[in-house]
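Me: I'm new to this structure and would like a close look at one part of it. Could you walk me through it slowly, and then show what lies beyond?

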Amino acid sequence: MPNPSKQNRKTDMPDSVWHSARPQNFLLETPLVAPRKGALQKLIRRMRMSPAQRTADIASSPDRVVMKDHIAPEAARRGGNILFVGVRAYTVEYPSQFEAFGGVCWTMDIDPSAAVFGVNGRHRTGCITKVDALFPGIEFTTIVLSGVLGFGVNRFSHQLRALETCASALEPGGMLVLGWNDRRVHSSLLEEAPSRWFDFRTFGSLPPRIWMKQHDHNFAFLERRKDES
């Protein structure tokens, strides 16, 4: 007869084979990011433009078109408090679009000089990793966080912290609209964040994950779990 103890030793997985903590990788904790696809060509082209032309050029990019035609209308339909993170000249029309059906839009940016592009009286200056402290007592129905991770919030631990604070600032069932660049955000971020605080969901007519064709910008739509505190 086979020895049961030997069978157990063969089938039992020793503790040394797996662990529940993310391996430490110093490359994830550097502020360095890979250049975007076609970044140099785009920079040279826009250097020849006037400020107004650059603003119009950015506003016409595929991700911005999706923002205007699909994301903003759905966020507006959901109403409530809406937080838009990262304001510039090409985003000044977003708040009125978000508020089309009675919602209230708030804005924030880490750059103090960007406040002029935010919502007067409802803008905060600070980092997304501190959103819960910057908007005390406010629960958001929707948070739109696009073009921030990898463009200032570069370290993996800071990016994860940003998603954690967004989860804490959202009402149960609230939605995080996350836009990011694959070259600037570690792919495992979109595995780890849902495993902790979110579930992937459709957003209006948009599926849970979308990638811009011939563009390196992506979107994910994440619902804060209702049982999260």
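Is Tyr94 buried or exposed, and what is its relative accessible area?

Reply: Tyr94 is buried, at a relative accessible area of 5%. Here, buried means under 20% relative accessible area, exposed means over 50%, and partly exposed is anything in between (1.4 Å probe, protein chains only).

A quick word on the ground rules. This is a predicted model, in which local features need pLDDT of at least 70 and side-chain atom pairs count only at pLDDT 80 or more, while totals for chains, interfaces and linings use all residues. Residues are numbered from 1 along each chain as its sequence is written, and side-chain values use heavy atoms, with hydrogens and water left out.

Back to the rings. Searching the whole structure turns up 7 aromatic pairs. One of them joins Phe84 and Tyr94 edge-to-face, with 5.2 Å from centre to centre and 90° between the planes. Phe84 belongs to strand β1 and Tyr94 to helix α5, so this pair ties together parts that are 10 residues apart in sequence. Ring pairs also bring in Phe98, giving a cluster of Phe84, Tyr94 and Phe98. Like its partner, Phe84 counts as buried, at 2% relative accessibility. Phe219 and Phe221 make another kind of pair: their ring centres are 6.4 Å apart and their planes sit at 10°, so this one is stacked. Both Phe219 and Phe221 are buried.

Two terms there need their cut-offs. Rings of Phe, Tyr and Trp (its six-membered ring) pair if their centres lie within 6.5 Å; planes under 30 degrees apart are stacked, over 60 edge-to-face, and the rest tilted. Helices (H or I, at least four residues) and strands (E, at least two) are DSSP runs, numbered from the N terminus.

Now for the charged side chains. The whole structure holds 11 salt bridges, each being a side-chain nitrogen of Lys or Arg within 4 Å of a carboxyl oxygen of Asp or Glu. Arg88 has one with Asp109, where the closest N and O atoms are 2.8 Å apart. Arg88 is in the loop between β1 (81–85) and α5 (94–98), and Asp109 is in strand β2 (residues 104–109), which makes this a link between distant parts of the chain, 21 residues apart. Arg88 is partly exposed at 31% relative accessibility, whereas Asp109 is buried at 6%.

Helix α8 (residues 189–196) has a more local pair: Glu192 and Arg196 are 4 residues apart, so about one helical turn separates them. Their closest N and O atoms are 2.3 Å apart. Glu192 is buried, with a relative accessible area of 11%, while Arg196 is partly exposed at 39%. The buried residues of α8 include Leu189, Leu190 and Ala193. Among the elements covering them are α7 (156–169), β5 (170–181), β6, β7 and β8, where contact means heavy atoms within 4.5 Å.

One more bridge joins the side chains of Glu223 and Arg201, at 3.3 Å from N to O. Glu223 is in strand β8 (residues 217–224) and Arg201 in the loop between β6 (198–200) and β7 (209–211), so the bridge ties together parts that are 22 residues apart in sequence. Glu223 is buried at 14%, and Arg201 is partly exposed at 37%. Elsewhere, Glu74, Arg77 and Arg78 form one network through salt bridges that share partners.
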